[in-house]
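Here are a few exercises to help you find your way around a new chain. Try each task yourself before reading the solution below it.

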Amino acid sequence: MAAEEHDKLVVVKHNDLIRAAYRLTTIESRIVLACVAKINSKSHLATNHKISIHVSEIQDILNKDEINGGSFYIHLKEAVDRLAERWVYFLEPSKRSGEKKTRWVYTVEYIPTEAKIILSFSPDILPFLCELTDNFTKYQLSNILSFKASYSIRFYEMFKSWQNSEKILTIEWLKEHLELEDTYDRIDNLQNRVIKPALAEINQHSDIRADYVPIKQGRKIIAFKFTFVCLSEKKEINKKNLKAERIEGVLKADLDKYANPGESYSQAATRLKTEQLMLEKTGKPTTLDILWK
C-alpha cells in the first residue's frame, strides 16, 4: 500500500472506547486499527459483519523493525490468536457504554492459504465504531504507523480525544486504563518505560506535540500533568507578510532569533509553532507571526 493510500485511511472511534481500559500489543493494535479504518463510522454495521484484510496490507502497515523476514507470518498468527482473548473494560459508564467488559472480537481467523485475516468485532464494540454522530475522535491511520510502542498509540488517541490542551492523570488512573496494575510499582520505571518512550514517539512521528510534569503530594508523585497540542488542527492561513522569507511557515528572522543551540530550522519551526498553539489554547496572546497551511 502506497503512502498516499495510507493517508486516505481514517480511524474513527467513540471516545468511550478510547478511554476504556485495555491492553494490546503494537501488532494487535495495528490489526484492529486497520480494520476500524475500513468501517464507515456513520453507517450501520450488522452484527454478522466480517472485515477481511489481506496479509499484504497488514505487512505494509506493520513496523519493519518488529517483523523479520520469514518470522512475519508466525508473529501475525500469534497476534491473531491473542486478539481473540483480549478484553475491553468500560470503567467510566456512559449512556452508550454502561459499566461492562467485552472482548474486542466476536470471531477472528487467519487463513494462510488465502493470506488474509477475517474478523468480526464483538456486538458490544460495534456501537463505538459505527453510527457515530458525536463524542468521537478521528485521525489518519498514517499518524501512528511509525510507533513501536503500544502505549504510544494509547496516549496519542487519548490526547486526540481531549479537546483541551492539558490533562491531569493520577497514577491509579493510568495504571488501570493501561492495564498496568501489577507492574511498574516504581514510578520512575513507569515514567522511563511507558510515558517517556510514548511521548518521544508521538513528538517525533505524529501531528501532536506533548510534554508532562509530575505532580507531588509531599515527596510522593501522585499524578502527571500532560500538556499537548495538535498541529494539524490549525488550518487557517495568515495572509500577513506572505512575501517574507519563511521556513515551514515561520519567519526566518524569528528562527534566527529564537532557535536553540543545535536546532535545525525545521526543528525550531516545529517547536515555535507548538509554543504558539499552546499560548492560543490557554487564552494567552500569541507572539509570533505564523503562516499556517
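**Exercise 1: The chain as a whole**

Work out what share of the contacts with a separation of 6 or more comes from residues 24 or more positions apart.

*Solution.* Start with the contacts whose partners have a separation of 6 or more; residues 24 or more positions apart account for 65% of them. Keep in mind that this is a predicted model. Next, take stock of the parts: the chain has 10 helices and 12 strands. Finally, look at burial, where 46% of the 293 residues count as buried.

**Exercise 2: Two helix crossings**

Decide how α3 is oriented relative to α5, and then do the same for α6 and α8.

*Solution.* Step one is the geometry of the α3 and α5 pair: the axes of α3 (residues 26-36) and α5 (residues 72-83) cross at roughly 75° and come within 9 Å. Angles of 65 to 115 degrees count as roughly perpendicular, so α3 is roughly perpendicular to α5. Step two is to see who meets whom: Ile27, Glu28, Ile31 and Val32 of α3 face a set in α5 that includes His75, Leu76 and Ala79. Sorted by class, this contact has seven nonpolar, one polar and two charged residues.

Now for α6 (residues 150-161) and α8 (residues 187-205): their axes come within 8 Å and cross at roughly 70°. That makes α6 roughly perpendicular to α8. The crossing of α6 and α8 is right-handed. On the α6 side, the contact is made by Tyr151, Ser152, Phe155, Tyr156 and Phe159, while α8 brings residues including Val194, Ile195 and Pro197. By class, the α6 and α8 contact has 10 nonpolar, one polar and one charged residues.

**Exercise 3: Into the core**

Find which residues touch the most other members of the largest nonpolar core.

*Solution.* The largest nonpolar core has 70 residues, and the ones touching the most other members are Trp104, Phe121, Phe155, Phe159 and Phe226. Among the contributors, α3 gives the most, with seven residues. There's also a second, separate core of 12 residues, including Leu231, Leu272, Leu288 and Trp292.

Let's zoom in on Trp104. It sits in the loop between β4 (101-103) and β5 (105-111). Buried means under 20% relative accessible area, so Trp104, at 1%, counts as buried. Leaving aside neighbours within four places in sequence, Trp104 has contacts including Leu17, Val32, Val88 and Phe121. Take Val88: Trp104 and Val88 are 16 residues apart in sequence, yet their C-alpha atoms are 6.4 Å apart.

Phe121 is worth a look too. With neighbours within four places in sequence left out, its contacts include Val32, Cys35, His49, Trp104 and Leu129.

**Exercise 4: Three loop residues**

Is each of Ser165, Ala115 and Glu248 buried, partly exposed or exposed?

*Solution.* Go one loop at a time.

- Ser165 lies between α6 and β8 (166-170). With a relative accessible area of 7%, Ser165 is buried. Beyond residues up to four places away in sequence, Ser165 touches Phe226, Thr227, Phe228, Met278, Lys281 and Thr282.
- Ala115 is in the loop between β5 and β6 (116-121). At 18% relative accessibility, Ala115 counts as buried. Its phi is near 55°, a positive value in a residue other than glycine.
- Glu248 is found in the loop between β11 (246-247) and β12 (250-251). Glu248 is partly exposed, with a relative accessible area of 36%. The phi of Glu248 is near 50°, which is positive.

Why pick out those phi values? Most residues other than glycine have a negative phi.

Key:
Residues are numbered from 1 along each chain as its sequence is written. This is a predicted model: local features need pLDDT of at least 70, side-chain atom pairs count only at pLDDT 80 or more; totals for chains, interfaces and linings use all residues. Side-chain values use heavy atoms; hydrogens and water are left out. Axes are lines fitted to C-alpha atoms, for helices over the stretch in contact, and angles run from 0 to 180 degrees between N-to-C directions. Helices (H or I, at least four residues) and strands (E, at least two) are DSSP runs, numbered from the N terminus. Angles under 35 degrees count as roughly parallel, over 145 as roughly antiparallel, 65 to 115 as roughly perpendicular and the rest as oblique. Contact means heavy atoms within 4.5 Å. Ala, Val, Leu, Ile, Met, Phe, Trp, Tyr, Cys and Pro count as nonpolar, Asp, Glu, Lys and Arg as charged, and the others, Gly among them, as polar. A crossing is left-handed if the near helix is turned anticlockwise from the far one by less than a right angle, and right-handed if clockwise. Buried means under 20% relative accessible area, exposed over 50%, partly exposed in between (1.4 Å probe, protein chains only). A nonpolar core is a set of buried Ala, Val, Leu, Ile, Met, Phe, Trp, Tyr and Cys residues joined through side-chain atoms within 4.5 Å.
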